[in-house]
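I opened the notebook today to look up how the strands and helices of this model are arranged. My notes are below the picture.

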Amino acid sequence: MTKPSLPELLHAAVAAVGGTERPGQVTMAETVAEAIDDGSHLLVQAGTGTGKSLGYLVPALAHGERVVVATATLALQRQLVERDLPRTVDALHPLLRRRPDFAMLKGRSNYLCLHRLHEGVPQDEEEGLFDQFEAATPTSKLGRDLLRMRDWADETETGDRDDLTPGVSDRAWAQVSVSSRECLGASKCAYGQECFAEMARERAKLAEVVVTNHALLAIDAIEGAPVLPQHEVLIVDEAHELVSRVTGVATGELTPGQVNRAVRRAAKLVNEKAADQLQTAAEGFERLMELALPGRLEEVPEDLGYALMALRDAARTVISALGSTRDKSVQDEDVVRKQALASVETIHDVSERITNGSEYDVVWYERHDRFGASLRVAPMSVSGLLREKLFTDRSVVLTSATLKLGGDFNGVGASLGLSPEGSHTEDAPVWKGVDVGSPFDYRKQGILYVAQHLARPGREGTRGDMLDELTELIEAAGGRTLGLFSSMRAAQAAAEELRGRLDMPILLQGEETLGELIKGFAADARTCLFGTLSLWQGVDVPGANCQLVIMDKIPFPRPDDPLMSARQNAVDEAGGNGFMAVAATHAALLMAQGAGRLVRASGDRGVVAVLDPRLATARYGSYLRASLPEFWYTTDRNQVRRSLAAIDAAATAAEASGGAGAAQAAEASEE
């Protein structure tokens, strides 16, 4: 039997998921297959509605060797494992004459720990040792969650937190999970044979496609000890998120509370001298942190340097002493020791990292209203790390709806450690970028409106003219508005003001869970939803209930963001343009994601309104506009109001006739 062609396989897969084959999807599948076959690297921009999941899954399954797929969001992981992969494998089985296995793999703390569940959590000294199930009364929310998880443990096959519905709070989950540092290891644990995390790893070793997340991919790259099974091909979906996720994993933090927990955990397991040394160091660190002011530390102050050296040395002493001291009063000593060791090692590692003062790290103080001060350290850039760890010994495909900024892939490529496309240097990974377009006709489906007549936004203070403009636009649209704000304070101020002006429901992020807010927004045409960062990327509402997307201003990083400003300065000092490389790239990525909320299906119509004149007047405005979908562009405020009113009238008429719902549902099912 002849080997099936890629178009045959793609056709079978698309039919199985009830979709429609798109030219961009075919192009994507072909370029991904080429990259896999010749072991090269590929960046693919695939617009909303392209069907990019099948665009990479079909060539990956046809390849026949192990492929790792890393995504940023839980929603896409679930879609791949619960919908796309089962249907695609079933569809390709008759053609491939084999049934590829697939598995999900996450970090250890995402899985229920049976040891914690059955033996209880070693509690800190001041809280006493107790059985969390006994102590948490069934009348409390925590108690009910813990009892529900105990029942769930008998039913679940995966132990995966995301399979528990409804979900539980982080506090409740912490009672039944462990980090990789706290884990006893399967060989030492009484429940090692039944361990959910170990079973997930075993399934991944046998699977042809392993679905994971960016965080685990980062841990695999940074920590050196392989977590993911050996693989020939890596596919990174939602690749615009990768740099921030890797930065998050590579960031260290010290807080007084965290240090004091480590002191309590170690106290019973080491001699008095070692415990006192750590206690004294913790007290000195806490006194300093009470005076800490938010901001970057260009150099570590002398007093902080001494405090960190004291912490580092005391932690090292405790780590050595933990191996030899035994206390007969400690129950389940191995677990208590492992938890204490994990806490103290973190203190040691972060203290030492900051004390060593690498020029490639940024150190800063943060202050949180609820949690107090923290000391943080993050890499100036992760591009070198990604270049070295990501693009070696495997073919890498990175895909997203937003990878091409300002007209090319070089901005995102540079953040990943790649040289400009087409350049050839000895140690640089060779790559190419492909934009497979979108099935949507953006110029006919959407308008990009820039409110050029408004005053430039300042750092603080209310923008009365912006709120007037916002009110008029929402009235013209008849509601149907997603408001994307550059800060939570701006979103709250706008919601408060417009609730007094408009007779329409205005939902505000933070007043309900994100899922409930989006559900409420999608259910009622007159409803508006206001919020900040997660809404710029996390809302998928096809149809007439989202016909106006408003951005209050260009989302540049805050000038006092220590990490972003340090990165910008570093580019300037190296002779580059720090503003364009860091701030403008950051804003372009967010704006492209935000504008992508408008057109989610082929019947969608609407306006993206940017209430910041700089998009029309500033030199960098053309770069930002080139990063957005190719909507029809205008600065005419009267024209945009007439267009919004016409779109609202058409949607209202369609809703009255009852025909819109079925059509939009059919279009949405094609995605």
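The entries that follow take the sheets in turn, then the helices.

**Entry, model.** I note at the outset that this is a predicted model.

**Entry, sheet with E1.** I looked up the strand order here and found an open sheet of 7 strands, running E3-E4-E2-E5-E10-E1-E11, with parallel pairing. At the edges I found strand E3 (102-104) and strand E11 (431-435), and since each has a single partner strand, one side of each is left without a neighbour in the sheet. The average turn between neighbouring strands of this sheet, with direction ignored, is 15 degrees. I then followed one pair inside the order: strand E5 (residues 233-236) and strand E10 (residues 395-400) are joined in the parallel sense over 4 bridges, and valine 233 has serine 395 of E10 as its bridge partner.

**Entry, sheet with E12.** I read another open sheet of 7 strands in the order E14-E15-E13-E16-E17-E12-E18, again with parallel pairing. Its edges are strand E14 (506-508) and strand E18 (632-634), each with a single partner strand, so one side of each lacks a neighbour in the sheet. Neighbouring strands of this sheet are turned against each other by 15 degrees on average, direction ignored. For the pair I checked, strand E12 (residues 446-450) and strand E17 (residues 606-610), the parallel pairing extends over 5 bridges, and isoleucine 447 is partnered by valine 607 in E17.

**Entry, helix H19.** Which strands does helix H19 touch as it packs on the sheet? I found that H19 (residues 464-477) touches E12, strand E13 (481-484), strand E15 (528-531), strand E16 (548-551) and E17, and that its direction makes about 170 degrees with that of E16. I also looked at helix H27 (residues 637-657), whose axis comes within 7 Å of that of H19, the two crossing at roughly 35 degrees. From H19 the contact is made by Glu469, Glu472, Leu473, Ala476 and Ala477, and from H27 by Arg637, Val640, Arg641, Leu644, Ala645 and Asp648. Sorted by class, this contact of H19 with H27 has 6 nonpolar and 5 charged residues, and no polar ones.

**Entry, helix H3.** I compared expected and modelled length for helix H3 (residues 52-63): at 1.5 Å a residue its 12 residues should span 16 Å, and because the end C-alpha atoms are 17 Å apart, the two agree. H3 is mostly covered, with 10 of its 12 residues buried; among them are Leu54, Tyr56, Leu57, Val58 and Leu61, and also Lys52. Just after H3 I noted glycine 64, which takes a positive phi of about 90 degrees.

Definitions and conventions. Residues numbered from 1 in each chain as written. Predicted model: local features only at pLDDT ≥ 70, side-chain atom pairs only at ≥ 80, totals over all residues. Heavy atoms only, no water. Pairing = 2+ DSSP bridges. Axes fitted to C-alpha atoms, helices over the stretch in contact; angles between N-to-C directions. Contact = heavy atoms within 4.5 Å. Expected span 1.5 Å × (residues − 1). Buried < 20%, exposed > 50% of the residue type's maximum accessible area, 1.4 Å probe, protein only. Nonpolar A, V, L, I, M, F, W, Y, C, P; charged D, E, K, R; others polar.
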